[in-house]
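Here are some short exercises to work through with the model open beside you. Try each task before you read its solution.

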Amino acid sequence: MQNRQINLHLVSDSTGETLNSIARATLARFDDHHVIHHRWSLVRSRLQLDRVLEGIEHEPGPVLYTLVDSSLRLALEEACGRLGVTCVSPLDPVMDLLQGTIGARAKEKRAAQHVMDADYFRRIDAMHYVLSHDDGQGTQGIRNADVVLVGVSRSSKTPTCFYLANRGIKAANVPLVPGAALPTALEEPPCPVIGLHIDMNALIDIRRHRLKIIGASGVRQDATDYIDPEAVKAEIVAARRLCTSRGWPVIDVTRRSIEETAATILQLMESWHARRKDAATLQAPEDPAASVLGSSNASI
């Protein structure tokens with residue numbers, strides 16, 4: 001099929017993040033078509049909706065929407081019907097399923113996922129934590145971390161930590177530098193420690209690009225250990241051996257997105273806590289009154 005260009009309208013009464021995620025996830029499977037996104041966010045009045053409809057009429061294309069207000073939903077659907085464009089609310093099937101299962105109608109509550117509740121402030125707190133404990137800073141605060149990421153320089157530790165912070169997770173990251181001692185808090189870490197591994201060639205490319213960005217073009221690229229193949233290889237091997245010796249799991253991030261890496265980290269965190277819980281259960285002291293209670297119950 002010949003390449004074609006389409007207009008995709010994303011209409012939301014909130015930030016539009018949900019629709020953006022849906023569009024990104026689905027369009028990733030279409031390589032041969034050019035899609036122009038028209039993002040209409042915070043549409044909460046008829047006047048705002050009329051502007052949206054003008055845009056759809058001027059550049060027709062399918063419409064995805066998340067509108068809570070029933071009158072705005074109806075107006076949008078009727079207008080799209082007159083214009084002959086497809087209009088879909090992608091959350092409706094899920095909402096119908098949950099309403100049927102729970103046995104209650106969903107409230108007409110706009111932007112419910114963006115309220116400033118305890119979860120919101122937990123994410124903000126996690127963001128502050130990541131800023132204060134990035135790249136080996138504030139090592140004493142590691143004892144308050146939910147997870148610690150270790151790895152060589154430029155192995156995506158920082159962006160992964162910020163992504164986790166958006167999930168409310170306090171993530172510290174510690175660079176593994178040849179010859180540098182580890183923070184004492186990692187001798188008996190109070191939280192999961194996870195290593196990030198990256199392929200040597202990919203790492204050298206990233207570091208070389210980093211040097212260009214920071215204006216280090218004057219540095220002889222064949223004379224600095226930062227991008228010297230043998231030095232980089234030794235650095236990666238040493239980091240891997242350290243993680244293995246400490247029993248820290250390692251994730252290869254070479255071909256992983258930040259989101260995929262974070263998902264694996266969350267799984268490893270769950271496993272770590274499950275093992276700690278099981279160990280605590282096995283080591284729990286026996287109740288000295290258990291035998292007495294048992295014999296007493298038996299005589300009753």
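Helices are DSSP runs of H or I with at least four residues, numbered from the N terminus. Just after the helix α4, Gly103 takes a positive phi of about 80°. Keep in mind throughout that this is a predicted model.

**Exercise 1. Get an overview of the chain.**
Task: find how many helices and strands the chain has, and what share of its residues is buried.

Solution: Start with the secondary structure, which comes to ten helices and eight strands. Next, take the burial: of the 300 residues in the chain, 32% are buried. Then turn to the surface, where about 18,700 Å² is exposed and carbon and sulfur atoms supply 52% of that area. Finally, look at the contacts with a separation of 6 or more: 74% of them are between residues 24 or more positions apart.

**Exercise 2. Classify Ile102.**
Task: decide whether Ile102 is buried or exposed, and say why.

Solution: First, place the residue: Ile102 lies in helix α4, residues 92-102. Second, recall the cut-off, by which exposed means over 50% relative accessible area. Ile102 has 63% relative accessibility, so it counts as exposed. Third, consider the helix around it: α4 is hardly covered, with one buried residue among its eleven. Last, Ile102 joins Val94 and Leu98 in a nonpolar surface patch of about 290 Å².

**Exercise 3. Trace the surroundings of strand β3.**
Task: work out which way the side chains of β3 point and which strands pair with β3.

Solution: In a regular strand, side chains alternate between the two faces of the sheet. In β3 (residues 63-66), Val63 and Tyr65 point one way, Leu64 and Thr66 point the other way, and all are buried. Now add the partners. Strand β1 (residues 5-12) pairs with β3 in the parallel sense over four bridges, and His9 stands opposite Val63. Strand β4 (residues 87-88) also runs parallel to β3, joined by two bridges; here the partner of Val63 is Cys87. To finish, follow the chain: β3, helix α3 (residues 70-83) and β4 make a right-handed β-α-β unit.

**Exercise 4. Explain the burial of Ala126.**
Task: find the relative accessible area of Ala126 and the residues in contact with Ala126.

Solution: Begin with the location, helix α5 (residues 118-132). The relative accessible area of Ala126 is 0%, so Ala126 is buried. Leaving aside neighbours within four places in sequence, Ala126 is in contact with Ala165, Gly168, Ile169 and Lys170. As a further check, the C-alpha atoms of Ala126 and Cys161 are separated by 9.4 Å, although these residues are 35 apart along the chain.

Technical notes:
Residues are numbered from 1 along each chain as its sequence is written. This is a predicted model: local features need pLDDT of at least 70, side-chain atom pairs count only at pLDDT 80 or more; totals for chains, interfaces and linings use all residues. Side-chain values use heavy atoms; hydrogens and water are left out. Patches are made of residues with over 30% relative accessible area and no salt bridge: like charges are joined within 9 Å, nonpolar side chains (Val, Leu, Ile, Met, Phe, Trp, Tyr) within 5 Å. Accessible areas come from the Shrake-Rupley method with a 1.4 Å probe; for residues, only the protein chains shown count as cover. A salt bridge is a side-chain nitrogen of Lys or Arg within 4 Å of a carboxyl oxygen of Asp or Glu. Buried means under 20% relative accessible area, exposed over 50%, partly exposed in between (1.4 Å probe, protein chains only). Contact means heavy atoms within 4.5 Å. Two strands pair if DSSP finds at least two bridges between them. A crossover is right-handed if, with the strands pointing away from the viewer, the path from the first strand over the helix to the second runs clockwise.
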